[in-house]
Amino acid sequence: MADTDLLFPADDSTDAKPAKGTVLPANLEAEAAFIGAVLIDNRVIEELTTPLMPEHFHEPVHQRIYERVLKLLERNSVATPVTLKPYFESDEALKQLGGTTYLAQLTADGQGLLHPRELADQIYDLALLRELVSVGRNLVEGALDTSDEVEPLRKIEQAEADLYRVAEGASTGNEAQTFRKAAFGALEVVQAAMNSGGRFSGKTTGLDTINDKTSGLHNSDLVILAGRPAMGKTSLATNIAFNAARRLMDDLKAGIEPEKSPGAGVAFFSLEMSADQLATRILAEQAEISSEKLRSGKLSREEFQRLSFASQELTDLPLYIDDTPALTIGALRTRARRLKRRHDIGLVIVDYLQLLQGSGRASDNRVNEISEISRGLKTLAKELHVPVIALSQLSRQVEQREDKRPQLSDLRESGSIEQDADMVWFIFRAEYYHNALKPDTPDETSSEEVRMKYAEWEARHLELVNKATLIVAKQRHGSTGNVPLLFHSEFTKFSSPDVRHYDEDYE
């Protein structure tokens with residue numbers, strides 16, 4: 001809708017300027033009528049279903065008036081033409097409209113009180129259309145500009161990101177926010193921790209020992225989960241994905257609002273395993289049936305009933321698996337934005353980082369490509385305002401040391417992974433390495449020395465069996481240290497021990 005009977009002259013300082021001969025979508029009469037309704041009855045703002053902000057108004061004078069109204073209401077003051085007058089006596093743009101008497105004119109007929117919600121919706125929708133004009137103009141200008149490197153895929157990715165912000169109504173999402181707003185956000189995080197009994201404030205991992213150590217998974221954080229093969233990286237990731245999705249599903253059924261639940265809808269990008277393989281693994285975990293039995297089909301009737309029940313129980317699980325191979329970081333971000341828009345996901349998991357591809361600009365240098373990928377994952381976490389867990393391989397130098405516990409220097413191919421991550425976790429199972437040292441089982445002819453050696457190995461094996469350690473090697477907002485876990489290898493399932501002290505048996 002273009003306003004052909006403008007109340008005010010166009011302002012050249014606006015960010016989105018129309019092409020010559022065109023008029024940006026706006027309805028200044030609707031803006032004036034809505035502000036007039038608010039000044040007559042401040043409760044109009046409380047009843048809005050549209051998140052109307054000052055920047056959604058096209059006329060700068062209206063932006064300033066509405067911004068001042070919101071500030072007055074935040075202080076529990078009354079916003080009327082009289083209380084606004086001192087703030088606008090020196091406003092030059094308002095003087096061109098008649099000065100502060102214009103504030104009284106806004107409330108003259110009270111037409112806005114008849115349908116304030118419809119006016120707010122129209123103002124908001126027209127603001128999104130103006131933002132679309134800006135996105136389209138930037139897209140056309142970028143496509144026509146060939147003075148630098150021609151990178152069409154990068155321009156498409158940027159356009160997708162811009163359109164996502166418009167779809168979310170975040171037309172000014174990149175603007176600086178006041179400390180007041182940031183402080184309120186910090187207080188909400190603290191309140192969430194208090195509501196959980198002082199245990200954690202982020203999204204739940206479903207594992208109490210990890211929640212205790214990290215306070216959960218926090219929005220905008222990039223978490224790197226690394227380990228050598230067979231340590232259980234994918235198992236832990238699927239456990240966390242299931243636990244978060246299951247918690248959200250259960251809370252929704254209990255009538256708890258999604259934003260108040262520590263659970264989350266999960267987007268799981270599996271570049272190594274297929275979707276049905278992951279689903280089979282999750283069902284095996286929940287039904288507590290050996291994965292080998294599932295693959296061979298050698299199930300008892302009772303086991304099959306457990307598997308069937310688990311499948312039916314989880315039909316509404318908000319877990320979305322994308323098993324597209326060889327994804328680029330740009331394509332992954334595009335797919336994640338789409339899942340956020342359609343299903344409001346609250347957690348992204350990528351298995352695993354080294355299987356992602358860069359944009360192609362740095363493909364000749366693997367270190368630079370991994371750096372681009374890690375930065376892209378951190379950007380995705382901030383853009384979608386969700387935690388991102390990315391699995392990562394470790395270099396073989398771990399195997400060459402006597403102490404097999406991984407270190408930050410073992411992250412493969414790029415130091416930028418450590419730099420970009422808010423948390424770095426290493427999963428370590430001493431049982432795996434100890435089993436590799438298993439001596440031959442003694443028989444009747446074995447010497448006493450052989451029997452003693454096996455007895456020592458077996459005693460240590462009993463100490464380590466089914467135990468794992470999550471090493472928190474980096475935590476930007478907390479302390480590092482070891483987290484004890486239990487690993488049930490037959491079900492590929494992690495759990496928290498009842499006794500949560502940190503002792504060497506887990507190392």
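By about how much of a helix are arginine 246 and aspartate 250 separated in helix H11? In this predicted model, the two residues stand four places apart in helix H11, so about one helical turn separates them. Arginine 246 and aspartate 250 form a salt bridge, with their closest N and O atoms 3.2 Å apart, and aspartate 250 is partly exposed, having a relative accessible area of 34%.

A similar question can be put to helix H14, which spans residues 301–313. There the side chains of arginine 306 and glutamate 302 meet in a salt bridge at 2.6 Å, N to O, and these residues, being four apart in the helix, are likewise separated by about one helical turn. Arginine 306 is partly exposed at 29% relative accessible area, and glutamate 302 is partly exposed at 43%.

The structure holds 16 salt bridges, including one in which arginine 64 and aspartate 91 meet at 3.0 Å, N to O. Because arginine 64 lies in helix H3 and aspartate 91 in the loop between helices H4 and H5, this pair ties together parts that are 27 residues apart in sequence. Arginine 64 is partly exposed, with a relative accessible area of 32%, whereas aspartate 91 counts as buried at 13%. Elsewhere, Arg333, Arg337 and Glu383 are linked in a network of salt bridges.

Turning to the interior, the largest nonpolar core has 75 residues, of which Ile224, Leu377 and Trp425 touch the most other members. Helix H11, residues 233–253, supplies the largest share of this core, eight residues. Another core, of 29 residues, lies apart from it and includes Ile35, Val69, Leu94 and Leu128.

Terms used. Residues are numbered from 1 along each chain as its sequence is written. This is a predicted model: local features need pLDDT of at least 70, side-chain atom pairs count only at pLDDT 80 or more; totals for chains, interfaces and linings use all residues. Side-chain values use heavy atoms; hydrogens and water are left out. A nonpolar core is a set of buried Ala, Val, Leu, Ile, Met, Phe, Trp, Tyr and Cys residues joined through side-chain atoms within 4.5 Å. Buried means under 20% relative accessible area, exposed over 50%, partly exposed in between (1.4 Å probe, protein chains only). A salt bridge is a side-chain nitrogen of Lys or Arg within 4 Å of a carboxyl oxygen of Asp or Glu.
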